[in-house]
Amino acid sequence: MALALLAGGAYALSAEDLVILTTNDTHSNIDFDNNGHGGILPRKAIIDSVRKAEKNVILVDAGDMVQGSLYFKYFKGDVEYPIFNMMDYDIRILGNHEFDNGLEELAAHWKNVKGSRLSANYDFKGTSAEGLFQPYIIKKIGKKKIGFIGINVDPASLISKENYAGMQYKDAIATANSVAEMLRKQKKCDLIVAVTHIGYEAIPGKASDMDLARQSKDIDIIIGGHSHTFVDPKTPDKTPYWIENAIGKPVLVTQTGKYGRNVGYIKIDLDDIKDHDFDYEYIPVTDRFSPEAYDKNIQNFLAPYRHVVDSVNSNIIAWSVQDMTNNTRVGAYPNWTADFGLATARLVADSIRASGKDFPNVDLSIMNVGGIRQPIAKGAITEGQILSTFPFSNSMTIISIKGTDIIDALRVAAAKGGEAISGNMRVVTDGKGKLLKVIVNGEPMDPEKEYVVSTIDYVAHGNDDLVTMANNTELWRGKHEMCQDVLRYLKHQTSLGIPISADPFSRFVEDVNIEINQAKK
């Protein structure tokens, strides 16, 4: 059954094989999505079937198992952590979103995590998480020793500082190579696997799986997460998965995308490890199973939590005239989010002025694409969808900041492929990620001018790699989570008979003249 589920061809069974099943960035997606993809129950059915078919199976998760649905927003990990234990993961590492509720809650959950908890480059000494993680684990399969290393992302400008206070970060690549060398030379490991949450491709100033592969000498396989990259073995030109290392040997680099839509399947011939005889495939996670295949214990455990989630998801509050995906950094959903931010901030400014106080006009809005966690489909929009789409405890914020700091932040955004900016803005690039100019209201941004910007506190603190956004003066901060502001805005729009709609075109552009004219219009 397991072999028939594979996206690729079938393999002959062998007692000398090792199968590593992988997941990453499942983000609290317990149920199917609108297309019948993902879901805990079919994933468990796939894992069980592979375990029945293969003698040696190791199940690995590369982080960010939480944050992204109502299950985490309402129950803060009380659903995901027990279910992952029920699925019998052998090895797990932290993602950045495991820190979303702070170190105390992280430690409270992870002390009960079954299996090996790995982190080689986070030092938790003196914190509530001290002693919970080990840098590596060695699994002995037959006569072979397999070393696994846990490598985590740099938290700077990514995780809110107060959420990892006291934890020390060590360079990802240097640490991985040091531990790998030790495992190879001292522990005599035959195969070394780095389980990482640093991202497949490079972000300026950050390490990546591709960098790690190229700079390594002793790592054979990288099981990655963080960037939500689907490393598809069917499209090696688009997403290469064999990367030459520093001494000319191949490293297998894998990642399964996001939201539990795929299970990675790595099959290793233990007799031919030195020749890197590894097969890399994936198993799509869909609703194709019969109900009898689903784990009854997980179903019973989920029932009371699902009842709460379903009740919120049934409350319709708005309508969308278009599909808005969160799979891209530019386009309709980022544009709608930034335009909402500008409209909301201008209403706040009007209200403050109406009370008799001085308050400047709001010039523009910059929001973070990373805060948009779910897509919106054309048609009815429920309260639950909005709470899941904007799940973080961020507050709407209005700041005053110099143009030069905005430009520097948008330079990073351009290199990453875009960001959510309001409709009166255009970021002009060379088409390859290099920023050339920022346009506001049809005019080039003045580096020396103070601009009033609508954003959220997370961005205002310089997070999501927008470091220079922290060089601001806060003028106002809301008292509620951003999702509550979105809900109020949508309900008001609906009361006026206005559906959700958005500009579908990228605001990160190449043609200066056309975009200046459009911005003026």
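Let's start inside, at Ile268. Leaving aside neighbours within four places in sequence, Ile268 is in contact with Glu16, Asp17, Leu18, Ile20, Leu191, Ile221, Ile273, Asp277 and Phe278. Keep in mind that this is a predicted model.

Now, the core around that residue. Ile268 belongs to the largest nonpolar core, which has 152 residues. Phe99, Phe148, Ile268, Trp336 and Leu410 are the members that touch the most others. Which helix gives the most to this core? Helix 6, residues 172-185, with 7 residues. There is also a second, separate core. That one has 9 residues, among them Leu342, Ala349, Val362 and Ile398.

On to the sheets. First, the open sheet of 6 strands. Its order is 6-7-9-10-12-11, and the pairing is mixed. The edges are strand 6, at 136-141, and strand 11, at 242-244. Each of these pairs on one side only. From one strand to the next, the twist averages 25°. Look at the strand 11 end. Strand 11 and strand 12, residues 250-254, run antiparallel and are joined by 3 bridges. Ile243 has Val251 in strand 12 as its bridge partner. Helix 6 comes back here, because this is a sheet it packs on. It touches strand 6, strand 7 (144-152) and strand 9 (191-197). The direction of helix 6 makes about 165° with that of strand 7.

Next, the open sheet of 5 strands. The order is 19-16-23-18-24, again with mixed pairing. Strand 19 (420-421) and strand 24 (472-477) are the edge strands, each pairing on one side only.

Strand 18 deserves a closer look. It spans residues 396-402 and pairs with strand 23, residues 450-456, in the antiparallel sense, over 7 bridges. Two pairs to click on. Thr397 has Thr455 as its bridge partner in strand 23. Lys402 stands opposite Glu450, also in strand 23. Strand 18 pairs with strand 24 as well, antiparallel, over 5 bridges. There, the bridge partner of Ser400 is Thr473. Is strand 18 enclosed or open to the outside? Of its 7 residues, 6 are buried, so the strand is largely enclosed by the rest of the structure.

Which helices meet this sheet? Take helix 11, residues 403-416. Helix 11 lies across strand 16, strand 18, strand 19 and strand 23, at about 110° to strand 18. Then helix 9, residues 332-354. Helix 9 packs on the sheet and touches strand 16 (364-367), strand 18, strand 19, strand 23 and strand 24. Its direction makes about 130° with that of strand 16.

Helix 9 also has a helix partner. That is helix 13, residues 482-495. The two axes come within 11 Å and cross at roughly 85°. Angles of 65 to 115 degrees count as roughly perpendicular, so helix 9 and helix 13 are roughly perpendicular to each other. Who meets whom? From helix 9, we have Trp336, Thr337, Phe340, Ala343 and Thr344. From helix 13, they meet Met482, Asp485, Val486, Tyr489 and Leu490. Trp336 came up earlier, among the core residues that touch the most other members.

Last item, the cysteines. How many disulfides are there? The count comes to 0. What about burial? Cys189 has a relative accessible area of 4% and is buried. Cys483 is at 0% relative accessibility, so it counts as buried too.

Definitions and conventions. Residues are numbered from 1 along each chain as its sequence is written. This is a predicted model: local features need pLDDT of at least 70, side-chain atom pairs count only at pLDDT 80 or more; totals for chains, interfaces and linings use all residues. Side-chain values use heavy atoms; hydrogens and water are left out. A disulfide is a pair of cysteine sulfur atoms within 2.5 Å. Buried means under 20% relative accessible area, exposed over 50%, partly exposed in between (1.4 Å probe, protein chains only). Two strands pair if DSSP finds at least two bridges between them. Helices (H or I, at least four residues) and strands (E, at least two) are DSSP runs, numbered from the N terminus. Contact means heavy atoms within 4.5 Å. Axes are lines fitted to C-alpha atoms, for helices over the stretch in contact, and angles run from 0 to 180 degrees between N-to-C directions. A nonpolar core is a set of buried Ala, Val, Leu, Ile, Met, Phe, Trp, Tyr and Cys residues joined through side-chain atoms within 4.5 Å. Angles under 35 degrees count as roughly parallel, over 145 as roughly antiparallel, 65 to 115 as roughly perpendicular and the rest as oblique.
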